[in-house]
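Ready for a few warm-up exercises? Have a look at what is shown below, try each task yourself, and then read the worked solution.

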Amino acid sequence: MTAPVSMPHVMPTYGRLAIALSHGEGVRVWDTEGRRYLDALSGIAVNTLGHKHPKLVPALQDQIEKMIHCCNYYQVPLQEELARLLVERSGMTNVFFCNSGLEANEAALKIARKYGHDKGIDRAEVVVYEKAFHGRSIATLSATGNPKVHAGFEPLVEGFVRVPLNDIAALEEVANTRPNVTAVFLEVIQGEGGINAARTEYLQAVRKLCDDKGWLLMLDEVQCGMGRTGKWFAHQWAGIQPDVMPLAKGLGSGVPIGAVVCGPKAANVLQPGNHGTTFGGNPLAMRAGVETIKIMEEDQLLAHADRVGKHLHDALARELGELKGVTEIRGQGLMIGIELDRPCGVLLQRAVDAGLLLSITADKVIRLLPALIITAAEADEIVAILAPLVKAFLSETSAA
């Protein structure tokens, strides 16, 4: 292991590993000591096209030479170009651009409240979910279903009603007892919560209930969207369409970007003066989004993510599926979680020592989010490195 990098002037908000990454190419990255790693995390589902993509890099260089930023006092043609691409692929209406998933989720919550106020509901409520994660601002951490995220930041923002995922009876009970509800807000696949997917029949039932009650269906696709599951957006596997869809992470292939895509019910809720941003929608971020979508289509990365994701899932199932201590291997496309029956945080460092980057979430879930360009052979490398680590860990520890 390399020596810790000294960062005394940086606020200690992260429990960082003792490596510093220097550069990357494809799904490989190198640290400042020259050691190479297989990147199965892609910056937490951000580097859609991997590192140093031969089509993306020159496009961004071209944009930097032209203009990096201009404020939203003026029209930004690249905003319209990226918005059109997102609208066409989602079947929705229009887009607001910001800088991150947190900001996109904040905007969605503002839309839900304004939607309620416009209907005469003064204290609008939003249904949120156990184990959800929507961000770390005061509003989004209040919507998040993790007490560890809440701790130290109380009092939380009011107006959230929490229910368990995939329990339609619980949601129907809310519908019958909470007249101020204006929206349902959920991740199609919970990322930080442990790669927990909303079932197809549940999503369809929620869509119908929202239609019946006049609620907004707001689907957080910040982590699971942009092709990660093999479709543009994970909810498309259920054949439904949301009213509000926050996006971020993979939309810019590493350039900070967020977006809120709205359908007809929500498209005109926010009017001039209701919301805004300084950096959101800047030309560099917009060019990154445009080029990401174009390259994904040129290289047929949706079908590729579906195919390689199934290959990776099957390989993990063969190596680990029957192992005592492995609770479940789940996910879709290139968003995979391996749940163990015990906390496994030590595997984060052990994987790094073995040349593999991944994450541990919800204490017991190994999370894999490789770039969508990963090949089947590289997926096999992930399994070849990871499986022995998991087997050794389970053999030396006991269930919690």
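**Exercise 1. Find T48 and describe its surroundings.**

Step 1: T48 sits in the loop that runs between α1 (42-45) and α2 (56-66). Helices here are DSSP runs of H or I with at least four residues, strands are DSSP runs of E with at least two, and both are numbered from the N terminus. This is a predicted model, where local features need pLDDT of at least 70, side-chain atom pairs count only at pLDDT 80 or more, and totals for chains, interfaces and linings use all residues. Residues are numbered from 1 along each chain as its sequence is written, and side-chain values use heavy atoms, with hydrogens and water left out.

Step 2: Is T48 buried or exposed? Its relative accessible area is 2%, so T48 is buried (buried is under 20%, exposed over 50%, partly exposed in between, with a 1.4 Å probe and protein chains only).

Step 3: Now look for its partners. The T48 side chain reaches the backbone oxygen of G250 at 2.7 Å. Leaving out residues up to four places away in sequence, T48 touches G250, S253, T292, M296, A371, L372 and I373 (contact means heavy atoms within 4.5 Å).

**Exercise 2. Work out the strand order in the open four-stranded sheet.**

Step 1: The order is β1-β2-β3-β15, with mixed pairing (two strands pair if DSSP finds at least two bridges between them).

Step 2: Zoom in on one pair. β2 (residues 28-31) and β3 (residues 36-39) pair in the antiparallel sense over three bridges. R28 has L38, in β3, as its bridge partner.

Step 3: Why is one side of β1 (21-25) and of β15 (356-357) left without a neighbour in the sheet? Because β1 and β15 stand at the edges, each with a single partner strand.

**Exercise 3. Explore the largest nonpolar core.**

Step 1: This core has 66 residues, and L86, L316, I338, L340, I366 and L368 touch the most other members. A nonpolar core is a set of buried Ala, Val, Leu, Ile, Met, Phe, Trp, Tyr and Cys residues joined through side-chain atoms within 4.5 Å.

Step 2: Which helix gives the largest share of this core? That's α12 (residues 376-396), with nine residues.

Step 3: Apart from this core lies another one, of 34 residues, including L171, V174, C210 and V365.

Step 4: Pick out L340 and skip its neighbours within four places in sequence: its contacts include V326, L347, I366, V390, F393 and L394.

Key: A polar contact is a pair of N or O atoms within 3.5 Å; within protein, one must be able to donate a hydrogen and the other to accept it, and residues adjacent in sequence count only if both atoms are side-chain atoms.
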